[in-house]
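Me: Hi! I am new to reading protein models and would love some help with this one. Could we go through it step by step?

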Amino acid sequence: MAAGSSCTIVEYFGGDDGYRCGYCKNEKGNFSHGMWSHAMTVQDYQDLIDRGWRRSGKYVYKPIMNKTCCPQYTIRCHALNFQPSKTHKKILKKMSKFLSKGEMPTEQDTTPGEFETARKDPVSVPDGRGPETTPKPGKSKGRKSRGLDRSELIVIYSLSPSHPLFLFPFFSRSPSLSSPSGVGADPGRPLCRKAKELRKARRLQKDQKRQVGGGVPVSATSIPTTPVQLNQPKALEEFINESLPDSPLHRLEVRLVPVNDDDPQFMATYEQSAALYARYQMAVHGDTPSECNESEFRRFLCDSPLEMETPPDGPAAGYGSFHQQYWLDGRIVAVGVVDILPTCVSSVYLYYHPDFASLSLGSYSALREVAFTRQLQKQSPKLCFYYLGFYIHSCNKMRYKGQYQPSDLLCPETYVFVPIECCIPSLEQNHYARFNQDPDAGDTHVLKDLGRALVLYRRTVMPYAAYARKRKCSNDEMEVAQYAGLVGQVCAERILLYRA
């Protein structure tokens with residue numbers, strides 16, 4: 001059981017009935033197991049999502065992978081090794097232009113790059129980052145940034161004013177190898193340089209002047225960076241910081257707020273956040289006012305089963321459920337709902353002001369969350385993954401998640417993560433696939449002893465074997481065995497299964 005007085009208490013609901021699929025629209029093709037979580041420790045939830053479970057509010061569900069019409073595979077990104085793609089950089093530049101000059105894109109960017117928005121119904125359309133029945137445009141291609149080549153400027157810099165910025169020009173040719181006069185380029189003239197290189201040089205000169213004048217100003221929302229090494233691609237944090245101008249026309253600030261009624265910041269912004277959610281749901285998903293009222297907002301995005309924990313070796317903010325609020329000029333324009341867990345940041349949902357849809361806030365917030373994961377890893381070394389929810393290869397609009405590289409998919413039979421590039425060939429052949437290529441490999445946490453599974457019966461915690469002796473006429477052994485097999489032996493011996 002979890003340390004201290006914390007424990008996980010669930011009610012299991014099975015999963016025999018089919019529901020409408022939000023991806024292929026099959027009316028009875030979506031099958032999943034579900035359970036209601038009255039309380040849950042962050043470690044138990046971490047272990048559950050690593051077995052294919054996912055939460056929507058307090059409802060926790062697991063797709064029946066070999067039965068459901070559109071199998072949903074848990075996907076995680078290696079945040080420490082993530083490099084923004086060309087499309088990601090364009091999104092950051094788009095934000096920079098808006099913040100510095102007020103330039104708003106004329107039409108919404110609908111290229112793959114946004115987080116899909118998923119229906120909030122946890123059974124019929126069960127993904128969390130914004131309802132997926134009406135998908136947001138997908139995430140951009142995860143093409144890695146190349147390293148600087150010898151024709152570009154190599155930069156080593158520090159944000160500390162006491163450390164100067166050094167500029168090393170390298171050229172692709174030696175002067176002694178220049179073409180002779182009258183043949184090819186004129187050796188008496190400087191080599192041609194691309195416009196991109198010229199812009200980079202001008203930007204570096206401005207940075208030098210700022211440092212000489214008293215250091216590099218850093219926005220309150222900028223991301224801590226580390227010095228760039230030679231021949232290394234620029235880090236995500238640098239691209240984000242470059243998108244935050246020093247003297248902006250509009251000021252953007254990101255605040256992390258725990259989902260807790262006792263937190264003054266959460267309560268002070270609750271009504272504004274709920275109103276933004278309702279506006280988003282009605283404009284983007286066509287919800288009626290009753291479908292996105294305050295009670296629905298609380299049930300879906302504020303009633304989390306996760307118990308807040310602040311261990312000494314964890315991140316400063318602690319573990320639990322949080323709202324990342326994006327404040328623009330003093331008002332909330334977007335909220336990313338995330339769970340901070342022992343080894344990952346798990347994305348739950350995103351909603352935003354419809355007037356700013358053209359800024360690709362889905363992709364922008366995802367990039368900020370990847371950077372946030374990297375920031376937390378410096379405080380808690382084992383927290384190094386960013387979970388994007390479910391990857392659905394059978395739905396083309398949902399393939400964008402696999403382009404945040406490097407990433408892994410969870411094998412639905414052995415519960416080990418496999419690089420996505422090794423999984424795609426199998427998914428091209430069949431909707432459902434086992435990714436682990438070792439035919440002898442199995443579930444290391446497979447249920448071996450049902451009698452050791454814990455149940456909560458009449459306010460008393462006991463192993464299932466003791467419960468079965470008390471309830472001699474009980475006919476729930478098959479149901480309990482199914483539940484315990486799905487959560488695994490380890491979780492079954494920690495989580496309390498409520499029995500009426």
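Reply: Happy to! One term comes in handy at the start: pLDDT is the predictor's confidence in each residue, from 0 to 100. We need it because this is a predicted model.

Me: What is the mean pLDDT of the protein, then?
Reply: A share of 74% of its residues reach a pLDDT of 70 or more. Not every stretch does so well, since over residues 108–114 the pLDDT is below 50. For the protein as a whole, the mean pLDDT is 82.

Me: Over residues 211–220, how many contacts beyond four places in sequence does the model have?
Reply: Here pLDDT stays under 50. Where pLDDT is low, the predicted coordinates should not be read in detail. With that caution, the number of contacts beyond four places in sequence is 13.

Me: What share of the residues in the protein is buried?
Reply: A residue counts as buried when its relative accessible area is under 20%. The protein has 500 residues, with 11 helices and 17 strands among its elements. The buried share of those residues is 53%.

Me: Which helix gives the most to the largest nonpolar core?
Reply: That core holds 108 residues, and those touching the most other members include Leu 409 and Phe 435. These two also touch each other, and Leu 409 reaches Tyr 73 and Ile 75 as well. The helix that gives the most, with 8 residues, is α8 (residues 361–377).

Me: How far apart are the end C-alpha atoms of helix α2?
Reply: Helix α2 covers residues 86–101, which makes 16 residues. The expected span is 1.5 Å times one less than the number of residues, so α2 should span 22 Å. The model agrees, with the end C-alpha atoms apart by 22 Å.

Me: What covers the buried residues of α2?
Reply: The buried residues of α2 include Leu 92, Met 95, Ser 96 and Leu 99. An α-helix has 3.6 residues a turn, so residues three or four places apart point the same way. The cover over the buried residues of α2 includes α4, β8, β9 and α8.

Me: Is Ser 243 buried or exposed?
Reply: Ser 243 sits in the loop between α4 and β8. Its contacts include Leu 92, Met 95, Ser 96 and Leu 99, along with Tyr 364. Because its relative accessible area is 1% and the cut-off is under 20%, Ser 243 is buried.

Me: Which residue forms a salt bridge with Glu 479?
Reply: Side chains of opposite charge can pair when their charged atoms come close. For Glu 479, in helix α11, the partner lies in strand β17, 20 residues apart. The closest N and O atoms are 2.9 Å apart, and the partner is Arg 499.

Me: Which partner in that pair counts as buried?
Reply: Glu 479 has a relative accessible area of 34%, so Glu 479 is partly exposed. Arg 499 has 9% relative accessibility, which is under the 20% cut-off. The buried partner is therefore Arg 499.

Me: Which residues do shared salt-bridge partners join into one network?
Reply: One link in it is the salt bridge between Asp 303 and Arg 298, at 3.9 Å from N to O. Both of these residues are partly exposed, Asp 303 at 27% and Arg 298 at 22%. The network is made up of Asp 261, Glu 294, Arg 298 and Asp 303.

Note on methods:
Residues are numbered from 1 along each chain as its sequence is written. This is a predicted model: local features need pLDDT of at least 70, side-chain atom pairs count only at pLDDT 80 or more; totals for chains, interfaces and linings use all residues. Side-chain values use heavy atoms; hydrogens and water are left out. A nonpolar core is a set of buried Ala, Val, Leu, Ile, Met, Phe, Trp, Tyr and Cys residues joined through side-chain atoms within 4.5 Å. Buried means under 20% relative accessible area, exposed over 50%, partly exposed in between (1.4 Å probe, protein chains only). Helices (H or I, at least four residues) and strands (E, at least two) are DSSP runs, numbered from the N terminus. Contact means heavy atoms within 4.5 Å. A salt bridge is a side-chain nitrogen of Lys or Arg within 4 Å of a carboxyl oxygen of Asp or Glu.
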